[in-house]
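Colleague: I would like to go through this model piece by piece, with the cut-off stated whenever a term comes up. Please start with what the word for enclosed residues stands for.

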Amino acid sequence: MEEPLTSNVRPATDAVLTVRIIKSFSYRNVKNHIMKSVNLKETTPSQLLTEVINIVNTTGALRPYRNVEYNTVKVYTHAHKTKSMNLVINFDNDEGDILVCKDSGNAVDKEKSLWDLGVENETELSVFNYSDYVAFKANPEEKW
């Protein structure tokens, strides 16, 4: 008898998300933050981005990450699915995986709930600056 996957055991109203806060793509400055008790059926990507920015600005361990303007949320990987070979960011499927981007040149704001956009329990999301992402995607050179 198989046990259910841990991502399917928790209800969508009490999910655990891993948020990857990316300060620098080329230097691989990434800090993971675990968000517990997220209601995926009521939270929109814009609300999640606002909450992450608040966490960065109020958590002492994230002080070095405060000098970046975070304006984008993108799915890094779904639970129990394949991961990207790039350790910093997933370059695939920008159209589908970018949930919110408040960059003036490429504004995307999907006002559906995270659940409606395919975010489930134990999904990993990346939060970053979109213009830094575009520059790194054009020349993905790591500097260390």
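Modeller: Buried means under 20% relative accessible area, exposed means over 50%, and partly exposed lies in between, with a 1.4 Å probe and protein chains only. This is a predicted model, in which local features need pLDDT of at least 70 and side-chain atom pairs count only at pLDDT 80 or more, while totals for chains, interfaces and linings use all residues. Residues are numbered from 1 along each chain as its sequence is written, and side-chain values use heavy atoms, with hydrogens and water left out.

Colleague: What order do the six strands of the open sheet have?

Modeller: Helices (H or I, at least four residues) and strands (E, at least two) are DSSP runs numbered from the N terminus, and two strands pair if DSSP finds at least two bridges between them. The six strands form an open sheet with mixed pairing, in the order E2-E1-E6-E3-E4-E5. E2 and E5 stand at the edges with a single partner strand each, so one side of each has no neighbour in the sheet. Read across the sheet, then, the order is E2-E1-E6-E3-E4-E5.

Colleague: Which residue of E6 is the bridge partner of Lys74?

Modeller: E6 pairs with E1 in the parallel sense over four bridges, where Val19 has Leu125 of E6 as its bridge partner. With strand E3 (residues 72-77), E6 pairs in the antiparallel sense over five bridges. There, the E6 residue that serves as the bridge partner of Lys74 is Ser126.

Colleague: How many of the residues of strand E6 (residues 124-128) are buried?

Modeller: Glu124, Ser126 and Phe128 point one way from E6, whereas Leu125 and Val127 point the other way, and all are buried. Strand E6 is therefore largely enclosed by the rest of the structure, and its buried residues number five of the five.

Colleague: Is Tyr133 buried or exposed?

Modeller: Rings of Phe, Tyr and Trp (its six-membered ring) pair if their centres lie within 6.5 Å, with planes under 30 degrees apart counted as stacked, over 60 as edge-to-face and the rest as tilted; by this rule there are seven aromatic pairs. In one of them, the rings of Phe25 and Tyr133 have centres 6.0 Å apart and planes at 50 degrees, so the pair is tilted. Phe25 lies in the loop between E1 and E2 and Tyr133 in helix H4 (residues 130-138), so the pair ties together parts that are 108 residues apart in sequence. At 1% relative accessibility, Tyr133 counts as buried.

Colleague: Which residues do ring pairs link into a cluster?

Modeller: The rings of Tyr130 and Tyr133 also pair, and because their centres are 6.0 Å apart with planes at 45 degrees, this pair is tilted. Both residues lie in helix H4, three residues apart, which is about one turn of the helix. The cluster linked by ring pairs consists of Phe25, Phe91, Phe128, Tyr130, Tyr133 and Phe136.

Colleague: Which element supplies the largest share of the largest nonpolar core?

Modeller: A nonpolar core is a set of buried Ala, Val, Leu, Ile, Met, Phe, Trp, Tyr and Cys residues joined through side-chain atoms within 4.5 Å. The largest one has 24 residues, of which Leu17, Ile21, Leu48, Val52, Val73, Val119 and Leu125 touch the most other members. E1, E2, H2, E3, E4 and E6 each supply at least two residues of this core. The largest share, five residues, comes from H2.

Colleague: How many residues does the other core, which lies apart from it, have?

Modeller: This other core has Ile22, Val88, Ile98 and Tyr133 among its members. Val88 lies in the loop between E3 and helix H3 (94-97) and, at 0% relative accessibility, counts as buried. Contact means heavy atoms within 4.5 Å, and Val88, leaving aside neighbours within four places in sequence, is in contact with Arg20, Ile22, Phe25, Arg28, Val30 and Tyr76. The number of residues in this other core is 10.

Colleague: At what distance from the ring centre of Tyr76 does Arg20 lie?

Modeller: A charge sits over a ring if NZ of Lys or CZ of Arg is within 6 Å of the ring centre and within 35 degrees of the ring normal. Arg20 lies over the face of Tyr76, and its distance from the ring centre is 4.0 Å.
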